[in-house]
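Me: I would like to learn how to look at a place where two chains meet, and at a pair of packed helices. Could you walk me through both?

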Number of protein chains: 2
Amino acid sequence: MNKLRELALKLGKNSRNASSQLHSIKTVQKNDVLRRISDCIEKNKINIFQGNLLDLKVAKKANKDSAFLDRLEITNKSIHDMCNGLEQVASLPDPIGTISNLMEQPSGIKVGNMNVPIGVILMIYESRPNVTVDAAALTLKTGNSIILRGGSESINSNVALHTIFYDTLKKYNVPVNSVQLAKETNRDLVKELLLLDKYIDIVIPRGGKSLIERISKDSKIQVIKHLDGICHVYIDEFADKKRAVDITMNSKTQRLGTCNTLETLLVNRKIAEKTLPLICKLLLEKNVEIRVCKLTKQILSEKKFPALRKIKTATNKDWATEYLDAILSIKTVACMDEAISHISTYGSSHTESIVTENHENAMNFLRRVDSSSVMVNTSTRFADGFQYGLGAEIGISTNKLHARGPVGLEGLTTKKWIVMSDGQVRY
Amino acid sequence: MNKLRELALKLGKNSRNASSQLHSIKTVQKNDVLRRISDCIEKNKINIFQGNLLDLKVAKKANKDSAFLDRLEITNKSIHDMCNGLEQVASLPDPIGTISNLMEQPSGIKVGNMNVPIGVILMIYESRPNVTVDAAALTLKTGNSIILRGGSESINSNVALHTIFYDTLKKYNVPVNSVQLAKETNRDLVKELLLLDKYIDIVIPRGGKSLIERISKDSKIQVIKHLDGICHVYIDEFADKKRAVDITMNSKTQRLGTCNTLETLLVNRKIAEKTLPLICKLLLEKNVEIRVCKLTKQILSEKKFPALRKIKTATNKDWATEYLDAILSIKTVACMDEAISHISTYGSSHTESIVTENHENAMNFLRRVDSSSVMVNTSTRFADGFQYGLGAEIGISTNKLHARGPVGLEGLTTKKWIVMSDGQVRY
């Protein structure tokens, strides 16, 4: 057996063993450990900064761009945010062991569901070292064990952070292998880990699209992921004009580079003349490039839109693109059916919002659009675990099954059936 | 493109289209169609019998055994059961569109979950033609479209049954492609279908272990399945003796060939002398072969068990075997930890039951055993969708995520996030 395979197997087996011991760790103990880790991070921040400096040095030598260095750098503020996150996870209710829907059946047996940990989670991520702390905190709280596999570019930062977890878990008699860090940075180790469906229950990748595609392709284990966030706002014929403008502008420009940012605006033909000129004016003022369908261009031209020459024509490729940038594509549609059909053809099942005052259209949109989040009169920027009241977020999923949309504590649990009776047998 | 690939693609695309139209079919319409199909099956049973006779003729010519012919044959009783099943599914509440956990968040947005269809389901099954009707009814009720792929041995029966669905769907203006039957019996068609993750959302196989293993290996689509049902009863040191005997006997002998039948009995050392002799006596009376660990044999010998020579010694292979037959393996364990560790090593995550009067042990067993159903003082034979009050069952899943255990209507749905507000934007 080659060395990497051996290492992967060791990580997998260690995690599985830790996972079966985590069942007996009490809520108060988990919360104490999380709070203690927060203290230790604050106290040992010098060590963390030292590790991080090593990573930053390597990155600068490799001429990485400023966005890269930004993601990699640990500042006093990031230390503060990590500690806050740990305190917050500690104060959330423990979902493990909760029993729901317990009901007596005609045979006399009582049947219900119990929330339990999923088991072993493999987290694969790039640059941001805070993921090390956030992910470990969420999995510890939910009684899962985790294998952390950060990028080689942040290895020294991750080692410094993981050391604090290791020491504290040991001190509090929680299995140290509940939180393991893969320190070997050879890429082939990931390939070996992705084959261990016997020891690892789910994989959560965080990073660029190519990373996530590669993992999905190589993995024998179920992957919780989203590839794209091609989010849509549909302005219905019965939209309130001010709401249409506000929601469009907020969805597109409040932050440009997030997965819940608006990428394509769909406008009903019957309200296009009343809304498009103002929206386009405001977008151009915010330096957002606009790419439109022929009909939209025609409408703007008929309305004598002053900056028409600044507006480009969209191609089919635009409808399928997540710009993550100051660009918006706009399409005028004949009816809601056309909007929904456009979303189902080009969308990424992430988040779509309708702007309408009409109850029937709102309910139809909610029912028919097959995305992880579907909204009425709301900015797509709200698609976020904290905004949804989950208290935490380990990622966003556009999978259809299990966790869909923002994944918080509950997405790291599963439900099993429990049955109790006084000796019932079946006839 | 080869012919089978073309056919698979056509089935997939048809189903996806039908699925997007099913969103607008109302509950009452779905129920009417289900009841109407029940009427038509009863009225057209001559056609069904004729198709079935063709299949039986082929099977007899091929010298299939009586169990095979039994599963294949459609009788007046099976017609009656299918019709009953349809009426029952029609009378169950429609899970689609239900909204749960709708709560207002501090930002003013209202966030909740809506139950929606999964989309397109591929059902692959062997011999029993009633699966055609049961599966189509459950998917229709939950707004999913289905591709039915029965075995070649029942193709004429399946065509006769499917014709009734086709005609009724057409008459009631429900997309006929909601229920498609793959009439091509070439096995390679299944391989092509299993690659269409763009058009098919889940695969549910029903049949022998080798079929299910093959499908899991070939599928790019998520498979809802269970491979084995190696179920355990653990008799705790604080067990009531009568309950221990009754639950063991019922779990093992009420039906021998089902997936929720007991295969390995675990007995706490401290209660072994008091329970094993009676249990073994009753098992032998019912002609159940017994295979035991060394310690169990020693205990029986010390208690001067009269038929000791009839009792065999178990090997490690026994612990990992689903007999589906009149055989039971028995192991005496030192404590509950050993029982749970045995279950996690050799079990199949299907169903395990503890017999105990001790509250703490009962709760620990419920929490710690990582199976789809975990029971206290209850026969494993209750692990069944109807017994759990689901009103229907499309299969049993030992997957950890999404549907776990018996899968009813809710297992054919998924939850998306819905968000409503009065024009909320994010700051």
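Reply: We will start with the contact between the chains and then turn to a helix pair. Keep in mind that this is a predicted model.

Me: How many residues does each chain bring to the contact?

Reply: In general, the size of an interface is often given as the accessible area lost when the parts come together. Here we can count residues instead: chain A gives 54 residues and chain B gives 55 residues.

Me: Which elements of chain B give two or more residues to the side that touches chain A?

Reply: They are strands S2 (110-117), S14 (373-378) and S17 (413-424), together with helices H10 (241-253) and H15 (359-368), of chain B. The largest share, eleven residues, comes from S17(B). Sorted by class, this side of chain B has 24 polar, 18 nonpolar and 13 charged residues.

Me: In which sense does S17(B) pair with strand S14 of chain A?

Reply: The two strands pair in the parallel sense, over five bridges. To find the pairing on screen, look for Val376(A), whose bridge partner in S17(B) is Met420(B).

Me: And at what angle do helices H10 and H11 of chain A pack?

Reply: H10(A), residues 241-253, and H11(A), residues 269-285, pack at about 35°, and their axes are 10 Å apart. The crossing is right-handed.

Me: Which residues of H10(A) and H11(A) meet there?

Reply: From H10(A) come Lys241(A), Ala244(A), Val245(A), Thr248(A) and Met249(A), and they meet Lys274(A), Thr275(A), Leu278(A), Ile279(A) and Leu282(A) of H11(A). By class, this helix contact has six nonpolar, two polar and two charged residues.

Definitions and conventions:
Residues are numbered from 1 along each chain as its sequence is written. Chains are lettered from A and ligands numbered from 1 in the order in which they are written. This is a predicted model: local features need pLDDT of at least 70, side-chain atom pairs count only at pLDDT 80 or more; totals for chains, interfaces and linings use all residues. Two residues are in contact if their C-beta atoms, placed from the backbone, lie within 7 Å. Helices (H or I, at least four residues) and strands (E, at least two) are DSSP runs, numbered from the N terminus. Ala, Val, Leu, Ile, Met, Phe, Trp, Tyr, Cys and Pro count as nonpolar, Asp, Glu, Lys and Arg as charged, and the others, Gly among them, as polar. Two strands pair if DSSP finds at least two bridges between them. Axes are lines fitted to C-alpha atoms, for helices over the stretch in contact, and angles run from 0 to 180 degrees between N-to-C directions. A crossing is left-handed if the near helix is turned anticlockwise from the far one by less than a right angle, and right-handed if clockwise.
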